[in-house]
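Thanks for sharing this one. Here are a few notes to read alongside the structure.

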Amino acid sequence: MRSFLNRLYDGAAALAALVMVALLAMVLTSIFGREFGFHVRGTDAYAGYFMAASGFLALAHTLQRGEHIL
C-alpha cells in the first residue's frame with residue numbers, strides 16, 4: 001500500500017509541474033497579448049485554476065517528504 005501511495009504522490013507532483021508550465025503559458029499569453037494588441041479570453045481564469053491545481057497536487061508529495069515550510 002505504501003509503494004502505491006508513493007507512486008500516486010510522485011505522479012501528482014509530476015502533474016503539478018506540468019500544470020505550473022501551463023500556468024506560465026497562460027501568463028505569458030496574457031503579457032504578449034497586452035504588448036501586441038490581441039486578447040485571448042479566459043487567460044486570467046485559467047491561470048487562477050492552474051495555480052490552485054498546482055498547489056493542491058503538490059501538497060501530498062511535499063508533506064510526505066517533510067519539506068513544507070512552517
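**Notes on the predicted model**

1. A good place to start is L28, which sits in helix α1, spanning residues 2–36. This is a predicted model, so please read the points below in that light. With a relative accessibility of 34%, L28 is classed as partly exposed, because that class lies between 20% and 50%.

2. L28 is also part of a nonpolar surface patch, together with L24, V27, I31, F32, F36, F38 and V40. Together these residues have about 720 Å² of accessible area.

3. How many salt bridges does a search of the whole structure find? There is one, and it joins the side chains of R65 and D10, at 3.4 Å from N to O. The pair connects distant parts of the chain, 55 residues apart: D10 belongs to helix α1, while R65 lies in the segment after α2 (43–64). R65 is partly exposed at 45% relative accessible area, and D10 is partly exposed too, at 35%.

4. On the aromatic side, searching the whole structure gives three pairs. In one of them, the ring centres of Y46 and Y49 are 6.5 Å apart and the planes meet at 75°, so the pair is edge-to-face. Both residues are in helix α2, and because Y46 and Y49 are three residues apart, about one helical turn separates them.

5. Please look at the surroundings of that pair as well: ring pairs link Y46, Y49 and F50 into a cluster. Y46 is partly exposed, with 45% relative accessibility, whereas Y49 counts as exposed at 58%, since the cut-off for exposed is over 50%.

Note on methods: Residues numbered from 1 in each chain as written. Predicted model: local features only at pLDDT ≥ 70, side-chain atom pairs only at ≥ 80, totals over all residues. Heavy atoms only, no water. Patch = residues over 30% accessible without salt bridge, like charges linked within 9 Å, V, L, I, M, F, W, Y side chains within 5 Å. Areas by Shrake-Rupley, 256 points an atom, 1.4 Å probe, with all protein chains shown as cover. Salt bridge = Lys/Arg side-chain N within 4 Å of Asp/Glu carboxyl O. Helix = DSSP H or I, 4+ residues; strand = E, 2+ residues; numbered from the N terminus. Buried < 20%, exposed > 50% of the residue type's maximum accessible area, 1.4 Å probe, protein only. Phe/Tyr/Trp six-rings, centres within 6.5 Å; stacked < 30°, edge-to-face > 60°.
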